[in-house]
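Biologist: I'd like a close look at one part of this protein rather than a tour of the whole thing. Could you pick a helix, walk me through its side chains, and then follow the contacts outwards from there?

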Amino acid sequence: MSRIGNKPVEITPDVKVAVVDGVVNVEGKLGKLSFAIPKNIGVEVEEKLVHVKCLDESANALHGLTRSLVHNMVVGVSKGYSKELQIVGVGYKATLAGSKLTLNLGYSHAIEYTVPEGVKVTVTDGVKIVVTGPDKQLVGEVAARIRRYKKPEPYKGKGVRYSDEHVVIKPGKTNA
């Protein structure tokens, strides 16, 4: 049995959770999210708790996953998720116009990224990018796609990195 799956999910007063036709719908002040429940997994909603039950031993791996996804949805619509990115490098910068994020990362051309629906991106000082939204998976995916355009290189550390990421700098060549 999954230890995580057996824990109930607490529902805050500003969040509404409903299970309709095998789909969990979560609604809060930051938006609406839904998730299709895998077969062999049961979800029951009480007043302030959501219980996830494993109906078949073969779906044991999905038991904890489903509970975690429901918990992430409840937290997402009430508090939201955010990822901070930092751009390091001379001349490297980002600008935001509407839903178009333009990145100048040392290439011969500017990179344009269209921000998907459900995610908000803010740029401060031209080098700090904050990705926020209620969907944890979508926020992480957008941040990873932006970082993928120019990963931090190991000699000078130039590129796009997470704000809490530590880049190990290699020593350069020496004349010996």
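Modeller: Let's start with a charged pair: the side chains of Glu141 and Arg145 meet in a salt bridge, 3.1 Å from N to O. Keep in mind that this is a predicted model. Both residues belong to helix α3, which runs over residues 136-148, and they sit 4 residues apart, about one turn of the helix. An α-helix has 3.6 residues a turn, so residues three or four places apart point the same way. As for how open this pair is, Glu141 is partly exposed at 26% relative accessible area, and Arg145 is partly exposed too, at 41%.

Now go along α3 to Arg147, which is also found in this helix. Its side chain meets that of Glu165 in a salt bridge, at 2.7 Å from N to O. Glu165 lies in the segment after β13 (159-162) while Arg147 is in helix α3, so this pair ties together parts that are 18 residues apart in sequence. Is Arg147 buried or exposed? Its relative accessible area is 17%, and because the cut-off for buried is under 20%, Arg147 counts as buried. Its partner Glu165, at 25%, is partly exposed. With that, you have seen both salt bridges, as the count comes to 2.

Arg147 has other company as well. Leaving out neighbours within four places in sequence, Arg147 is in contact with Leu85, Pro152, Val160, Arg161, Tyr162 and Glu165. Tyr162 on that list has a charge of its own to deal with: Lys83 lies over the face of the Tyr162 ring, 5.5 Å from the ring centre. A second arrangement of this kind has Lys150 over the face of Tyr107, at 4.8 Å from the ring centre.

Staying with rings, the model has 1 aromatic pair. The partners are Tyr113 and Tyr149, arranged edge-to-face, with 6.3 Å centre to centre and 65 degrees between the planes. Tyr113 is in strand β10 (residues 111-114) and Tyr149 in the loop between α3 and β13, so the pair ties together parts that are 36 residues apart in sequence. Tyr113 counts as buried, at 10% relative accessibility, whereas Tyr149 is partly exposed at 29%.

Then there's the nonpolar side of α3. In soluble globular proteins, nonpolar side chains tend to be buried together. Here the largest nonpolar core has 19 residues, and those with the most contacts inside it are Ile87, Leu101, Leu103, Ile129, Val131 and Ile146. At least two residues each come from β7 (81-88), β9 (100-104), β10, β12 (128-133) and α3. Which element gives the largest share of this core? That is α3, with 4 residues. So that you can trace one core residue on screen, take Ile87. Not counting residues up to four places away in sequence, Ile87 touches Tyr92, Lys93, Ala94, Leu103, Leu105, Gly126, Val127, Ile129, Gly159 and Val160. Another core, of 18 residues, lies apart from this one, and includes Ile11, Val17, Ile37 and Met73.

Met73 leads us to another helix, α2, where it is one of the buried residues. Others buried in α2 include His63, Gly64, Thr66, Arg67, Val70 and Asn72, along with Val74, Gly76, Val77 and Ser78. This helix covers residues 60-78, 19 residues in total, and reaches 28 Å from its first C-alpha to its last, close to the 27 Å expected at 1.5 Å a residue. Just after α2 comes Gly80, with a positive phi of about 90 degrees.

Two other backbone spots are worth a click, and neither is a glycine. Asn40 has a positive phi, near 75 degrees, and lies in the loop between β4 (31-36) and β5 (41-45). At 29% relative accessibility, Asn40 is partly exposed. Asp125 also takes a positive phi, near 60 degrees, this time in the loop between β11 (120-124) and β12. Asp125 is exposed, with a relative accessible area of 71%.

To come back to your helix: α3 holds both ends of the Glu141 and Arg145 bridge, and it also gives 4 residues to the largest nonpolar core.

Note on methods. Residues are numbered from 1 along each chain as its sequence is written. This is a predicted model: local features need pLDDT of at least 70, side-chain atom pairs count only at pLDDT 80 or more; totals for chains, interfaces and linings use all residues. Side-chain values use heavy atoms; hydrogens and water are left out. A salt bridge is a side-chain nitrogen of Lys or Arg within 4 Å of a carboxyl oxygen of Asp or Glu. Buried means under 20% relative accessible area, exposed over 50%, partly exposed in between (1.4 Å probe, protein chains only). Rings of Phe, Tyr and Trp (its six-membered ring) pair if their centres lie within 6.5 Å; planes under 30 degrees apart count as stacked, over 60 as edge-to-face and the rest as tilted. A charge sits over a ring if NZ of Lys or CZ of Arg is within 6 Å of the ring centre and within 35 degrees of the ring normal. A nonpolar core is a set of buried Ala, Val, Leu, Ile, Met, Phe, Trp, Tyr and Cys residues joined through side-chain atoms within 4.5 Å. Contact means heavy atoms within 4.5 Å. The expected span of a helix is 1.5 Å times one less than its number of residues.
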